[in-house]
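Biologist: I have the sequence and the structure open now. Could you take me through them before I get lost?

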Amino acid sequence: MPTRSALIWAGLAGVGLVGESVLVLVRGIDPVGVAAWVVELVVVGLLVWTRRAEPEPVSAIRWGSLVSLAGGTGALAIGGNFTLFLAMQALPVVVLSAAVLRPLARRTGWVWSGQVRVRLTWTVTGTYAGLIAFSLMQDRRGLPLIHPDVASLVTLGTMFETAVTVAIAVMWLGRRQPRQDPAETTR
């Protein structure tokens, strides 16, 4: 059974994701959509400031906010609408991935350790940052995302392989750590 706090984090991320997606679909990328994104970042900043004791959500919020802010800044500078959309979704995606790890820890020994869950959150964040960087690269080169060239396919394949390899290594090395209840894990 997921903990109450994990459900709250997942709910907050889901509300942000749905709200921003609706704004972008209805209005396109405009000042209102960007303002919603900035408001979500401010709310996240306030949540981080409260210093929650659970390591995964705190890590997800900190790094997801950073990726969202950096990606959004790059997209606004280059002018890529899809990249801005990806950047706006970075925070909810990373927080949702972190929210899934805690209930999963109760069912499997692979992610039992809090340190492993935090490192997997970093892996998701790094992979998502790579996806935003890839989208910025495509914008810079003037190539559409739906018609990638060979260099784009090689880049995506390498990113995928790296993410899977890092995740497997993190879980494999984490199995050596002693088991403890995920509810008792602190920073």
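Modeller: Let me start with a term: a patch is made of residues with over 30% relative accessible area and no salt bridge, where like charges are joined within 9 Å and nonpolar side chains (Val, Leu, Ile, Met, Phe, Trp, Tyr) within 5 Å. Accessible areas come from the Shrake-Rupley method with a 1.4 Å probe, and for residues only the protein chains shown count as cover. On the surface here, Trp63, Leu66 and Trp122 form a nonpolar patch with about 330 Å² of accessible area together.

Biologist: Before I trust that, what kind of model is this?

Modeller: This is a predicted model, in which local features need pLDDT of at least 70, side-chain atom pairs count only at pLDDT 80 or more, and totals for chains, interfaces and linings use all residues. Residues are numbered from 1 along each chain as its sequence is written, and side-chain values use heavy atoms, with hydrogens and water left out.

Biologist: OK. How many helices and strands are there?

Modeller: The protein has six helices and zero strands, where helices (H or I, at least four residues) and strands (E, at least two) are DSSP runs numbered from the N terminus.

Biologist: Back to that patch, then: where does tryptophan 63 lie?

Modeller: Tryptophan 63 lies in helix α3, which covers residues 55-78. Its relative accessible area is 41%, so tryptophan 63 is partly exposed; buried means under 20% relative accessible area, exposed over 50%, and partly exposed in between (1.4 Å probe, protein chains only).

Biologist: And serine 59, is that buried or exposed?

Modeller: Serine 59 is also in helix α3, and it counts as buried because its relative accessibility is 7%. Leaving aside neighbours within four places in sequence, serine 59 is in contact (heavy atoms within 4.5 Å) with Gly64, Val118, Thr121 and Trp122. Trp122 is also one of the residues in the nonpolar patch.

Biologist: New topic: at what angle do α5 and α6 pack?

Modeller: Two packed helices are described by the angle between their axes and the distance between the axes. Helix α5 (residues 114-141) and helix α6 (residues 150-174) pack at about 175°, with their axes 9 Å apart. The axes are lines fitted to C-alpha atoms, for helices over the stretch in contact, and angles run from 0 to 180 degrees between N-to-C directions.

Biologist: So what do you call that arrangement?

Modeller: At that angle, α5 and α6 are roughly antiparallel to each other, given that angles under 35 degrees count as roughly parallel, over 145 as roughly antiparallel, 65 to 115 as roughly perpendicular and the rest as oblique. Among the residues that meet across this pair are Leu120, Leu131 and Phe134 in α5, and Leu156, Met159 and Val166 in α6.

Biologist: How many salt bridges does the structure hold?

Modeller: The structure holds one salt bridge, meaning a side-chain nitrogen of Lys or Arg within 4 Å of a carboxyl oxygen of Asp or Glu. The side chains of arginine 141 and aspartate 149 form it, at 2.3 Å from N to O. Arginine 141 is partly exposed, at 38% relative accessible area, and aspartate 149 is partly exposed as well, at 26%.

Biologist: And which loop holds proline 144?

Modeller: Proline 144 lies in the loop between α5 and α6. Proline 144 and phenylalanine 82 are 62 residues apart in sequence, while their C-alpha atoms are 10.0 Å apart in space.
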